[in-house]
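Q: Please take a close look at one part of this model, and at what surrounds it. Keep the account connected.

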Amino acid sequence: MANLNALRESARSWQACPLWRRATQTVFGAGPRGARFMLVGEQPGDQEDLAGLPFVGPAGKLLATALEAAGIDRRATYVTNAVKHFKWKPAGDRGKRRIHEKPNRAEVSACRPWLLSEIEAVAPEVIVCLGATAAQSLLGASFRVTRQRGVPVASPFAASVVATVHPSSILRAPDADARHREMELFIADLRAARALVDEPAQPSPP
């Protein structure tokens, strides 16, 4: 079985995808081996790229709040991304900020072996895909979060895979009421994922 520390060290020098050229560093996953939950996002953002850790920016803070509301211990959860480098473009006349760009299929495919190695090393019971990029990386290009959100999917990677929105989409909601509604739906999806490991084991047949 793969060792997380060894994987993390190997990923630091990974240059098989051109995204590394503009990124500050590789942002590998974080969390304990043996975590029951693994959360997979799209890619690191600006703050994650600088810190070298996943989900430490605004979306990460929202995620932490939602996990707490859903009864999931963030410290006991492994958190990672489908793509390990920050893809961005300059803000132009809007200042020096770096603006997130969606990774393309080739970039997601290039990082997929790292994600699969993380899954093997952690061996989670439930994987929660945050957004379409993560879901399609593990469940195929035809998977649609809009149609299959919150529904457990059988997978070779874990007993169940559940897809929901990326927390950054909640931050982009047009107003406070919309953000509140989206947050409640997001928490409900996380609670459904938690219930998958809370279910008692089925008795064996006599």
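A: Two strands count as paired if DSSP finds at least two bridges between them. Strand 1 (residues 37–41) and strand 2 run parallel and are joined by 5 bridges. In this pair, Leu-39 stands opposite Val-79 of strand 2.

The model is predicted. The mean pLDDT of the protein chain is 91, and 93% of its residues reach 70 or more. Residues 200–206 fall below 50, and this stretch has 0 contacts in the model beyond near neighbours in sequence.

Now the whole sheet. It is open and holds 4 strands in the order 2-1-5-6, with parallel pairing. Strand 2 (77–81) and strand 6 (160–164) are the edges. Each has a single partner strand, so one side of each lacks a neighbour in the sheet. From one strand to the next, the twist averages 20 degrees.

Helix 5 (residues 132–139) packs on this sheet. It touches strand 1, strand 5 (126–130) and strand 6. The directions of helix 5 and strand 5 make an angle of about 135 degrees.

Helix 4 (residues 105–122) also belongs to this picture. Its buried residues pack against strand 1, strand 2 and strand 5, and also against helix 1 (4–12) and helix 5. Among those buried residues are Val-108, Cys-111, Trp-114, Leu-115, Ile-119 and Val-122. Glu-107 and Glu-118 are buried as well.

Check the length of helix 4. It has 18 residues, and at 1.5 Å a residue these should span 26 Å. The end C-alpha atoms lie 25 Å apart, which agrees. Still, helix 4 has a kink of about 40 degrees at Arg-112, shortly before the proline Pro-113.

Next comes the link from helix 4 to strand 5. Ala-123 sits in this loop. Most residues other than glycine have a negative phi. Ala-123 has a positive one, near 55 degrees. At 45% relative accessibility, Ala-123 is partly exposed, since that class runs between 20% and 50%.

Phe-55 also has a positive phi, near 55 degrees. Phe-55 lies in the loop between helix 2 (46–51) and helix 3 (58–70). Its relative accessible area is 6%, so Phe-55 is buried, the cut-off being under 20%.

One more loop joins strand 3 (88–90) and strand 4 (98–100), and Arg-97 is found there. Leaving aside neighbours within four places in sequence, Arg-97 contacts Lys-89, Pro-90 and Ala-91. Arg-97 and Asp-46 are 51 residues apart in sequence, yet 8.4 Å apart in space, C-alpha to C-alpha.

Note on methods: Residues are numbered from 1 along each chain as its sequence is written. This is a predicted model: local features need pLDDT of at least 70, side-chain atom pairs count only at pLDDT 80 or more; totals for chains, interfaces and linings use all residues. Side-chain values use heavy atoms; hydrogens and water are left out. pLDDT is the predictor's confidence in each residue, from 0 to 100. Contact means heavy atoms within 4.5 Å. Helices (H or I, at least four residues) and strands (E, at least two) are DSSP runs, numbered from the N terminus. Axes are lines fitted to C-alpha atoms, for helices over the stretch in contact, and angles run from 0 to 180 degrees between N-to-C directions. The expected span of a helix is 1.5 Å times one less than its number of residues. The bend at a residue is the angle between axes fitted to the seven residues ending there and the seven starting there. Buried means under 20% relative accessible area, exposed over 50%, partly exposed in between (1.4 Å probe, protein chains only).
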